[in-house]
Amino acid sequence: MKNKAKTVIIGGGIIGLSIAYNLAKLGAEDIVVLEKNYLGSGSTFRCGSGIRQQFGDEANIKMMKRSVELWSRMEEDLGMDVDFRQGGYLFLLYDEDEVRDFKKNVELQNRFGVPSRIITPEEAKEIVPLLNTEGLLAAAWNHTDGKANPFKTVFAYANAAKRLGVDIYEYTEAQNIKVENGSIKEVITNRGKIETRRVINAANGWAKILNKMVGVDIPIEPYKHQGVKTEPIKDGEIKPMVVSFKHDGIYLTQEAEQGGLIGGYALKYGPTYDITPTYEFLRGVSYRFSQVIPALKYTNVIRIWAGYYAETPDGNAAIGRIKEIDEYYIAAGFSGHGFMLAPAVGEMVAEDIIYEKTNKPLWFYDPYRFQRGELRGKAVQMG
Amino acid sequence: MSEKENVIICRCNDVTLKEIEELIDQGITEIEEIKRLTRIGMGPCQGRTCIPIVASIIARKTGKSYDEIGIPATRVPVRPVPMGVLVGDEDEE
């Protein structure tokens, strides 16, 4: 292992790897990524795989629009197919209030070039023939949203970063960060020390532990959320991600390659580092899924699993420089949106570090907004 | 060599001996990573058939012991169960 590096990124998930790749792409050299377990093992490999631009605020819409551009050409950029499929996102709306809110969101999304629209229950049923439309008033639909394979995406970013000279060390845990007079001196790991001036905290669920090492306090807490997977169903049966807030935030879709259904709902536990799946979830998710897609009653569940949403008080990540410590950055607290946002976040952080400016809405994710009490509108969050 | 293409290790997701050995040769020797890249252990059998076989392939090729390799977590349900059975009769929980 190297004992000196210009940049040390802590966290080998999709965010840390996207930042590493983008920094190297902009010409930064001597970058190290530390992962305490194996790549993707924290939140990325446990995520629900959805990628959507249907957010309710300008910043997330712009970031996701850019991300979808990058997702679309990821195979060319990174040299590996990551199963990105634009099957769309379908939000089921059951009352006037929901329809009004989503109409507003759709207008905003359209203004920034996202082709979402409000459709009728009949149109929704054409998109998902198995859908139960009882009580459904309308749906919000965007055909350019989609999903990708989190496992392949992590390897794609890691391999592309390595080709650009980034060193990735797995099973290497950052145990302490030494700071003197407001400057970073070194990162101490279980495999030795790395002298560095710059650290990027991309540890998401574990971000607060790193922040504590340097005396920074940003409200990011790990909550246990769960996912379910069924046996394969007929190919193309449920192409979009189907979401219903009336059913406690369920989201479900057919996996691109393997044909099983995956999804979850808003049940959460925490803050906690426990990730034991619960029977409460298994039963709750089965109940809610079969309300929306009745045929699922006859579908076998083969697995449930759990992972973290590293949540902030407003459901948006904390991204940016920490002023008290020279060259300490944070990109964490993605609250369940890290996977989909990763391509644009990597670009944004790399641009900010290399050029000290970016045309992306970095201000929105300002880590200091919590202490100033300027919370953003709660980001639309599923699961 | 072509024989290895015909040896199915994971019957749920049609993963062959060749695919698993190729990953190990690339340096991916972690069973959790092999699981996520090939989907072994993620089908209806949930690894009951394939995981011990994959562990033995890793052991043979890397010299790691069975204990070092570790076995991915087993989670509920123990065997596939229809959602309707979990829900029981119509009404909420």
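How are helix 1 of chain A and helix 6 of chain A oriented to each other? In this predicted model, the two helices pack at an angle of about 30 degrees, and their axes lie 9 Å apart. Angles under 35 degrees count as roughly parallel, and helix 1 and helix 6 of chain A are therefore roughly parallel to each other. Their crossing is left-handed. On the side of helix 1, which covers residues 14-25, the contact is made by A:I14, A:L17, A:S18, A:A20, A:Y21 and A:A24. These residues meet A:T153, A:V154, A:Y157, A:A158, A:A160 and A:A161 of helix 6. By class, the residues of this contact divide into 10 nonpolar and 2 polar, with no charged residue among them.

Helix 6 of chain A (150-163) also takes part in the meeting of the two chains, where 26 residues of chain A are in contact with 21 residues of chain B. Helix 6, helix 8 (279-292) and strand 17 (300-311) each supply at least two residues of the side of chain A that touches chain B. Helix 8 gives the most to this side, with 8 residues. The side of chain A that touches chain B comprises 15 nonpolar, 7 polar and 4 charged residues.

Across in chain B, helix 3 (residues 31-38) is largely enclosed by the rest of the structure, because 7 of its 8 residues are buried. The buried residues are B:I31, B:E33, B:I34, B:K35, B:R36, B:L37 and B:T38. Their cover comes from both chains: it includes helix 6 of chain A, together with strand 2 (15-16), helix 2 (17-25), helix 4 (50-62) and helix 5 (66-69) of chain B. Helix 6 of chain A thus appears again here, as part of what covers helix 3 of chain B, besides packing with helix 1 of its own chain. Just after helix 3 of chain B comes B:R39, with a positive phi of about 75 degrees.

Back in chain A, helix 2 (residues 58-72) offers a look at helix geometry and burial. This helix has 15 residues and reaches 21 Å from its first C-alpha to its last, close to the 21 Å expected at 1.5 Å a residue. Buried positions in helix 2 of chain A are A:N60, A:I61, A:K62, A:M63, A:M64, A:S67, A:V68 and A:W71. What covers these buried residues includes strand 3 (50-51), helix 3 (74-78), helix 4 (96-111) and helix 9 (338-355) of chain A.

Notes. Residues are numbered from 1 along each chain as its sequence is written. Chains are lettered from A and ligands numbered from 1 in the order in which they are written. This is a predicted model: local features need pLDDT of at least 70, side-chain atom pairs count only at pLDDT 80 or more; totals for chains, interfaces and linings use all residues. A residue is buried if 20 or more other C-beta atoms lie within 10 Å of its own, exposed if 12 or fewer, and partly exposed in between; C-beta atoms are placed from the backbone. Helices (H or I, at least four residues) and strands (E, at least two) are DSSP runs, numbered from the N terminus. Two residues are in contact if their C-beta atoms, placed from the backbone, lie within 7 Å. Axes are lines fitted to C-alpha atoms, for helices over the stretch in contact, and angles run from 0 to 180 degrees between N-to-C directions. Angles under 35 degrees count as roughly parallel, over 145 as roughly antiparallel, 65 to 115 as roughly perpendicular and the rest as oblique. A crossing is left-handed if the near helix is turned anticlockwise from the far one by less than a right angle, and right-handed if clockwise. Ala, Val, Leu, Ile, Met, Phe, Trp, Tyr, Cys and Pro count as nonpolar, Asp, Glu, Lys and Arg as charged, and the others, Gly among them, as polar. The expected span of a helix is 1.5 Å times one less than its number of residues.
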